[in-house]
Amino acid sequence: MSNETLITGKKAENAIKESLFLFTLYICVTIAILTLMTLIYDVLSTGTTRLTSDYEVGLITKIQIDNPVDFLTTLDSRYPDRAGIGPAFAGTVWLMIIVVFVTFPFGTGAAIYLQEFAPKNRLTRFIELNLTNLAGVPSVIYGLLGLAVFVRLAGFGRSVLSGGLTLTLLILPVVIVASREALKAVPDTIRQGALALGATKFQAVFRQVVPSAIPGMVTGMVLGLSRAIGETAPLIFMGALTYVNYFPGTPLSGFTAIPIQVYNWIGYPQAEWKETASAGIILLLGLLLIMNSIAIFIRNRYEKDL
Amino acid sequence: MENKKDLRSQLTKTITRPVEKIVKFFITASAFAAILISISIIFTLLTEAINFFQDPAVTFKGYFTATRWTPTFQNPEYGVIVLISSTLYIAVIACLISFPLGLFSAIYLSEFATKRTRKVIKPVLEVLAGVPTVVFGYFALNWITPNIIQRFIPGTGVFNALSAGIAVGIMIIPTVASISDDALNAVPNSLRNGSLALGATRRITSLKIMFPAALSGIIASFILGFSRAIGETMIVTIAGGQYPELNLDPRSAMYTITSSIVNVSLGDTPHGTTAYNALFALGITLFIMTFILNIGSDYIARKYRKEYE
């Protein structure tokens with residue numbers, strides 16, 4: 001065998017290895033994407049019976065809940081085809097309102113302090129280290145914290161307020177980090193310009209820097225909210241899993257939330273409940289889609305201004 | 001010199017309005033809340049866990065040596081080893097899924113994908129990361145178990161460690177992929193170009209140059225993924241079942257730390273009972289495990305960032 005054929009043989013072998021490698025990479029990416037699509041397809045195909053009119057009624061018993069409006073407004077039921085997600089939907093809305101009102105001031109406040117005012121010392125470093133670690137704490141641990149602090153110590157009981165505050169603790173690190181990124185993205189020239197014109201540090205930050213970082217902060221808040229909306233584990237400790245079949249009236253009412261209600265429905269063995277659970281999941285994923293679209297919209301709309 | 005300093009302090013000393021003081025106090029306090037939250041997590045978990053170990057029915061030794069976890073039975077046993085081993089077992093299954101898939105996706109994204117494909121695949125991974133865990137739990141129980149597990153391994157129960165582990169693995173693919181992708185992107189381009197210029201193929205460059213160069217970041221992503229798998233709650237609660245005895249059969253149900261926290265809290269657990277305190281003993285066990293992993297991941301990632309700065 002001459003040297004030349006050896007080299008071309010090696011080349012061919014390399015080419016095969018190359019394409020095999022690339023093929024493996026493709027497969028890996030495809031599996032991730034396919035799984036997501038399978039998941040969405042499975043949920044959609046199972047859950048739509050509760051959300052669309054069934055034209056074959058009459059053959060079997062009539063399905064009671066067959067459109068989104070009924071599903072959103074009806075109470076839970078012992079029968080899968082009559083179970084609506086009303087109380088859970090209301091509970092989620094309550095939670096989101098509480099989370100926004102508490103998280104936004106504290107989250108952006110902490111971010112503004114850390115990014116604009118905090119001295120570069122050990123204490124600041126320690127706060128940052130704490131934030132990194134808090135972001136990695138499993139959500140059930142926040143549930144235990146909420147149980148001990150809000151339910152027992154503060155005496156809020158197993159209420160929507162305790163639930164909202166617990167979720168706030170959970171997403172606070174996320175929101176702070178996102179808000180800091182938004183502040184970081186504001187060009188230094190804006191700060192220097194304001195200071196050069198005689199503004200105090202405080203004025204420069206609150207009249208120039210913060211307003212231009214607001215879109216980024218709102219985006220961070222929306223993304224934090226979309227994490228909170230799907231959280232299940234911490235709310236279980238707030239009593240959200242007990243049978244709550246009424247609309248929460250005050251912040252101290254008992255409550256349930258969409259993911260909790262879905263978890264409940266998943267637990268029933270009968271096949272019909274799968275459809276109801278899927279309908280709940282469709283609602284949950286729909287809400288997430290809306291929130292992420294809002295975040296992307298804000299990001300694209302205001303990004304160019306800076 | 002003295003005069004200049006005086007003048008300067010006079011100039012900068014504008015009147016601070018009370019509003020400014022209040023706002024400044026508020027934002028400082030918000031930042032310090034991070035420390036407060038950390039302290040209260042550790043404090044609440046510790047105090048209730050100490051109560052747990054003071055209960056005569058519980059011994060420290062029993063907690064670590066008993067081989068059953070049955071806190072609500074007549075003769076309760078509190079063998080946390082059962083839960084820890086199940087937790088690690090499912091986490092390892094999850095890692096077997098997510099490490100290769102996540103890493104290879106990251107290599108594809110950073111070394112092979114065009115900008116356009118990147119723009120499509122990245123958001124898909126973000127969506128996957130945003131899917132609530134209760135949805136993954138549903139998917140594991142109602143799709144993975146009947147369509148994959150029971151089809152290929154007949155006789156597997158409805159609740160099994162395998163499908164829970166696979167679902168957890170899918171859930172952490174985006175975590176592994178995005179951090180590994182960042183790590184690969186942080187490697188200076190000169191290394192990649194140098195390798196290609198010397199005639200190495202893209203496969204060789206990826207595997208022998210980029211992978212080792214980004215290794216610490218990739219390891220950090222693995223550790224973080226593992227930590228997230230350990231702390232994952234809803235998937236294992238829904239699809240993993242509750243088998244309170246020591247067992248290592250992936251086809252059978254298992255009982256992780258997180259799912260037993262959920263299950264103990266589902267039962268009526270009034271404040272002060274042993275079962276209530278057990279929640280917090282489990283909580284601190286879980287907290288310590290994830291805390292060590294998170295610190296480790298952070299440490300490795302930071303050390304690595306310095307290498308190329």
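**Exercise 1. Find how many residues of domain 1 of chain B are in contact with domain 2 of chain B, and describe the two domains.**

Begin with the contact itself: six residues of domain 1 of chain B are in contact with eight residues of domain 2 of chain B, where two residues are in contact if their C-beta atoms, placed from the backbone, lie within 7 Å. This is a predicted model, in which local features need pLDDT of at least 70 and side-chain atom pairs count only at pLDDT 80 or more, while totals for chains, interfaces and linings use all residues. Residues are numbered from 1 along each chain as its sequence is written, and chains are lettered from A and ligands numbered from 1 in the order in which they are written.

Next, sort the domain 1 side of chain B by class: the side that touches domain 2 of chain B has four nonpolar residues, one polar and one charged. Here Ala, Val, Leu, Ile, Met, Phe, Trp, Tyr, Cys and Pro count as nonpolar, Asp, Glu, Lys and Arg as charged, and the others, Gly among them, as polar.

Then locate the domains: in chain B, domain 1 covers 2–54 and domain 2 covers 69–307, with bounds that come from an automatic or database domain assignment. The C-alpha centres of these two domains of chain B lie 36 Å apart.

**Exercise 2. Describe the division of chain A into domains.**

In chain A, domain 1 takes in 3–50 and domain 2 takes in 68–303. Between the C-alpha centres of domain 1 and domain 2 of chain A there are 36 Å. Six residues of domain 1 of chain A are in contact with eight residues of domain 2 of chain A, and the domain 1 side of this contact in chain A divides into two nonpolar, three polar and one charged.

**Exercise 3. State how many helices and strands each chain has, and explain why each chain is described as spread out or compact.**

Take chain A to begin with: it has 11 helices and zero strands, where helices (H or I, at least four residues) and strands (E, at least two) are DSSP runs numbered from the N terminus. The radius of gyration of chain A is 26 Å, well over the 19 Å that the globule rule gives for 306 residues, so chain A is more spread out than a compact globule. This radius is taken over C-alpha atoms, and the globule rule is 2.2 Å times the number of residues to the power 0.38. Along its principal axes, the C-alpha trace of chain A spans about 80 × 70 × 35 Å.

Turn now to chain B, in which there are 13 helices and two strands. Its radius of gyration is 25 Å, well over the 19 Å given by the globule rule for 309 residues, and chain B is therefore more spread out than a compact globule. The C-alpha trace of chain B spans about 80 × 65 × 30 Å along its principal axes.

**Exercise 4. Work out which helix of chain B gives the most to the side that touches chain A, and how helix 4 of chain A is placed against helix 2 of chain B.**

Start from the whole interface, in which 65 residues of chain B are in contact with 62 residues of chain A. Helix 2 of chain B (residues 18–54) gives the most to the chain B side, with 17 residues, and by class that side has 40 nonpolar, 21 polar and four charged residues.

Then compare the axes: those of helix 4 (residues 122–136) of chain A and helix 2 of chain B come within 9 Å and cross at roughly 55°. Axes are lines fitted to C-alpha atoms, for helices over the stretch in contact, and angles run from 0 to 180 degrees between N-to-C directions. Helix 4 of chain A and helix 2 of chain B are therefore oblique to each other, since angles under 35 degrees count as roughly parallel, over 145 as roughly antiparallel, 65 to 115 as roughly perpendicular and the rest as oblique.

Finally, name the residues that meet: helix 4 of chain A brings A:Phe126, A:Ile127, A:Asn130, A:Leu131, A:Asn133 and A:Leu134, while helix 2 of chain B brings B:Ala31, B:Phe32, B:Ala34, B:Ile35, B:Ile37 and B:Ser38. This contact of helix 4 of chain A with helix 2 of chain B has nine nonpolar, three polar and no charged residues.
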